[in-house]
Structure formats: structure tokens, C-alpha cells
Protein chains: 2
Amino acid sequence: MTLDSAPVREPRPRKAKSPAKPALKKSEATRQRILDAAAFVFRRKGYAHARLSDIARKSRTQTSSIYYYFDSREAIVFEVLRIANEKTALYVTNAMAELPSGASARDRISAAIHGHFRIVLSDNDYTSAHMKIFDQLPDKVQRHFLEVLDRNAGLWRELFEAARSEGVIGADVDLSVLRLLLLGMMNWSIEWFKPGRMSVDQIADQAVRMLFDGVGPRPATELADRA
Amino acid sequence: MTLDSAPVREPRPRKAKSPAKPALKKSEATRQRILDAAAFVFRRKGYAHARLSDIARKSRTQTSSIYYYFDSREAIVFEVLRIANEKTALYVTNAMAELPSGASARDRISAAIHGHFRIVLSDNDYTSAHMKIFDQLPDKVQRHFLEVLDRNAGLWRELFEAARSEGVIGADVDLSVLRLLLLGMMNWSIEWFKPGRMSVDQIADQAVRMLFDGVGPRPATELADRA
DNA sequence: GTCTATACATGGATAGAC
DNA sequence: GTCTATCCATGTATAGAC
């Protein structure tokens, strides 16, 4: 969901590759190189410190040539974020699509968590840049993508409501707070994750374990008997 | 701990208020106003977008006057972060100091979590600015404060190791990942928290509940029976 | 300690030849 | 579509009077 939505800006209708032409429309490739370079630079330097000249160098063009493809620096970052959101939604829904049809709420949430961790820690410049630069962006851009983000959050809301219906979540647990704590836990992971010791799926497993064995309706008292 | 450490820079020895002078050393107050203004501005605009002129206006001085008190823009942000770290450590240790001497690991971790949430969501400009601007800072500054942060993390490590000794944490749980997931959950909360519906302590309670009832050593199977 | 004036560097954006 | 040249705004930092 919210995934099949076509690119918000720049429709750029393309007729697949009708007559003879090889692959990428002539300089569609250049545009793509600029976007990739932008994601790369934004991720590493943040938005404010990213220079058009950095992006130009990385994409092997001139600063002024960028203006042939984009109206402004802001237009570039806008497109980078749009792609990032598209990718994130794709990973989560893909992970869930692999489930059997009658899967439990717990299994579905678990799959969504795995999918989310996978994209956040995937070393993808677009999604990494999104995390890093979001709050450096002009208000206008932020507002636009906060709406997109909120639409995507709908998926999580539904998952947790379903879980509550199935009796997997205690009545005293606030679903909004739970959702936000969980997303924070996942999103922050990019700040500390280093590939190597633990795999992304192992980390996701641990988060799932902590989440579910914590929100169960049974009393926690049996844990309190120590020493 | 790591809290009694005196300010790293600018010793500025002061003889309390020996002779007659009223309170704040004459223009020590101005310096303080500049710092408060800086924290205010950094929090709202980020580091890169914060202008010295913004700080000057907010502190009712001139841009050039700031240079009488600080060597550079970087020196200002350095001091703001130093204070932020001091405050954070203070809140956490204060929360733990209220515990009875023989408190369990669970109780101590719970207290630390409450303390951490309280400072993160306290609407304090210094700590909020810290979260917001950290990864926009020059590498040199980041490296310095990453060391400070790591020293503070030692407290959390000890807490979790003690919890494991007391048998409150399952053997299959990785303590480092657990600590980082937890800190992420807490630190990210500033992104979504809005005062009103839930209190800070209620949110902390929910985090504690999720954490502990999830890391217990007993099997989670009893949760899996749904529908 | 504070103010006015200004040097100096940077970087986004545009013009226009090719 | 790409390149050179350049305009122009912004912002850090300094000089020096008061």
C-alpha cells in the first residue's frame, strides 16, 4: 500500500523501448547518476553540508549541468526522499508477502520488523540519506514527506490493532506509544550498526523477541523473584 | 560517574563570591545568555542552519560581540554539548540515587530508564540540541563527544551485566544489541513525543514493561497460542 | 565590553557560447 | 546537453573606534 502510487512529481511518460533504441533513454542515465550521487553525498555529509559541486564531481558532470536535469538543489533532495520512501515500503511489503495467507498477527509483525530492519541497515544510500538529512530539510519538504510517512505508518497501526484483537497485546499497552517506540528502536539502529558480529536478521530477531515477550497479557510478576 | 569530571575546557577559576559583589560575575551572565541562546537556536535550526546572527539576536548582543566570549562558532557548540552531556548523566544518576541500597538490577535499570526519558523529553534546549545536531558537527567535535558518550555508556553496560548475573536476562540475548536497541528507543522518542496524552513516566513505564517481560529467560511459547 | 564597518570565502544559480 | 564565466547573496571572522 501507498506503494503503487506513481511518482508524485515528474510523470515523464516513457514508452518502454518500442522501436530499436538499446536500454536507457539516452541521458536518462545521467539523471540517474546525479540522483545516485546525491544520495551518496547526502548520506555522508548531510543536507546542509552537501555541495552541488560534490554531487557534480561524484556523478561526473558539472555543477551547472545539474540544472539541466533539476530545477534546484531542493528538487534533487525531494526526488531522493521520494525514492527512499518507495524503497522502504517495498521492503516491508515484500517481507510480508512471503507469509502464508493465514499468518498470525505475531508472524506478520515479525515479518514487517525484519523487512524494516533490512532496508534500514541495507547500506542503501537513499534510505540512509533519508534518515540522516530529514530534519535538516526546509519545512516545506519536511511537511510533504511527513504525510507520506504517516500514510506508511498506517500499515503498522493495522498490524498492532490486529494483534490486539488476537489477544497478543495487553490491555494496558498503548498501541501508539508501542508503535513509536518500536520504530525508534529500528530507525536508530543505523547509528550504531556495524556489519560483522551480528547479522541484520539476528538483530531483528532480538527485537521481535523483546517486543512480544514483553507485551503479553500475562503478569510479569514471575520475573520479579530474583536472588 | 563521569559526572564529577570538571569541565574539560576553559577552567575559568572563580572565587565563589568572596568580597561583596552580588551574584553572577559581571558579564558571566552575558556568556550564559549566549550559550542559552545557542542551545535554543541549535535545537530548532540544526547546526548548519544556525547563524551567529540568530544567536546574537536571541541573546541580545551583536554578532561580533560573541567573539569576545568565544573563539569561534565551533567553540560555542562544543560548550553546548559539554553541558548537555553533563545534564544527561546528572539526570540518570539522580534517578538511581533515589533507590534503596539493595535494589535489584531490574529496579536499577528501571530507574535509569526513567531518568533518561525524563531528560530526553524534558524540553531542555541543551539536550535536545545535542540529539538534533550531533551528526551535523565537524568530525573533530563528533569524535570528542563520542568518547564522552562511550564513557557514559559504561553505566548501562554495568547495569545489564548485573541483570544477567541476577538471571533476569536470557542467555541468548546479546547485551550490546539490547543496550543499543534500548537507547535508540529512548533517544528517538524526542522525534515524536508531544506533551499531553501520556506522561513521560508513563512512557518510561511502558518501555520498562516491554524490555523486561521480553528479556526473561523463560520460553515465549505460551504466547504463541492464538485464536 | 560593545558597536560599526568591512574583508574574505563560499556556494547556489544564471547567461550564453558551443 | 555540456562547458566557461560570472552574478549575487550569505555568513564567518576581524579591525578598530568608542
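1. Let me start at a loop. A:R60 sits in the loop between α2 and α3 of chain A. Keep in mind that this is a predicted model. Phi of A:R60 is near 60°, positive even though the residue is something other than glycine. Is A:R60 buried or exposed? It counts as exposed, because just 11 other C-beta atoms lie within 10 Å, and the cut-off for exposed is 12 or fewer.

2. A:D123 is worth a look alongside it. This residue is in the loop between α5 (105-120) and α6 (125-133) of chain A. Its phi is positive too, about 70°, and A:D123 is not a glycine. With 12 other C-beta atoms within 10 Å, A:D123 is exposed.

3. Now the annotations around that first loop. An unreviewed UniProt entry puts a "DNA-binding region" at residues 51-70 of chain A. In the model that stretch is 70% helix and 0% strand, with its end C-alpha atoms 15 Å apart. UniProt, again through an unreviewed entry, also gives "domain: HTH tetR-type" for residues 28-88 of chain A. That span comes out at 85% helix and 0% strand, and 23 Å separates its end C-alpha atoms.

4. On chain A overall: you'll find nine helices and zero strands, so don't go hunting for a sheet. Of its 227 residues, 36% count as buried. Among the contacts in chain A with a separation of 6 or more, 70% are made by residues 24 or more positions apart.

5. For a sample of how the chain A helices pack, try A:L159 in helix α7 (residues 139-165). A:L159 counts as buried because it has 21 C-beta neighbours inside 10 Å, against a threshold of 20 or more. Leaving out residues up to four places away in sequence, A:L159 touches A:A105, A:R108, A:I109 and A:A112. The last of these, A:A112, is 47 residues away along the chain, yet the two C-alpha atoms are separated by 9.1 Å.

6. Next, the DNA, strand C to begin with. Which residues come closest to DNA strand C? Of the 16 residues that surround it, the closest are A:L52, A:S64, A:R73, B:S27 and B:S64. The elements giving two or more residues to this surface are α2 (52-58) and α3 (63-69) of chain A, plus α3 of chain B. By class, the surface near DNA strand C has three nonpolar, 10 polar and three charged residues.

7. Then DNA strand D. Here 16 residues are again in play, and A:S27, A:Q62, A:S64, B:L52 and B:S64 come nearest. Two or more residues each are supplied by α3 of chain A and by α2 and α3 of chain B. The surface near DNA strand D divides into three nonpolar, 10 polar and three charged residues.

8. The contact between the protein chains takes 38 residues from chain B and 38 residues from chain A. On the chain B side, α1, α8 (175-192) and α9 (200-215) are the elements that give two or more residues. That side has 19 nonpolar, 11 polar and eight charged residues.

9. Please look hard at α1 of chain B (residues 28-49). A straight helix of 22 residues would span 32 Å, but this one spans only 27 Å between its end C-alpha atoms. Where does α1(B) bend? The bend is at B:R43 and amounts to about 85°. B:R43 is itself on the list of buried residues of α1(B), which also includes B:I34, B:L35, B:F40, B:V41, B:F42 and B:Y47. What covers the buried residues includes α1 (28-49) of chain A as well as α2 (52-58), α3 (63-69), α4 (73-97) and α6 (125-133) of chain B.

10. One last residue from that helix: B:A38, found in α1 of chain B. B:A38 is buried, since 27 other C-beta atoms lie within 10 Å. Setting aside neighbours within four places in sequence, its contacts are B:I55, B:I76 and B:V80. B:A38 and B:V80 are 42 residues apart in sequence and 7.5 Å apart in space, C-alpha to C-alpha.

Definitions and conventions
Residues numbered from 1 in each chain as written. Chains lettered and ligands numbered in written order. Predicted model: local features only at pLDDT ≥ 70, side-chain atom pairs only at ≥ 80, totals over all residues. Helix = DSSP H or I, 4+ residues; strand = E, 2+ residues; numbered from the N terminus. Expected span 1.5 Å × (residues − 1). Bend = angle between axes of the 7 residues up to and from the residue. Contact = placed C-beta atoms within 7 Å. Near = placed C-beta within 6 Å. Nonpolar A, V, L, I, M, F, W, Y, C, P; charged D, E, K, R; others polar. UniProt positions renumbered as here; feature names shortened; annotations may be inferred.
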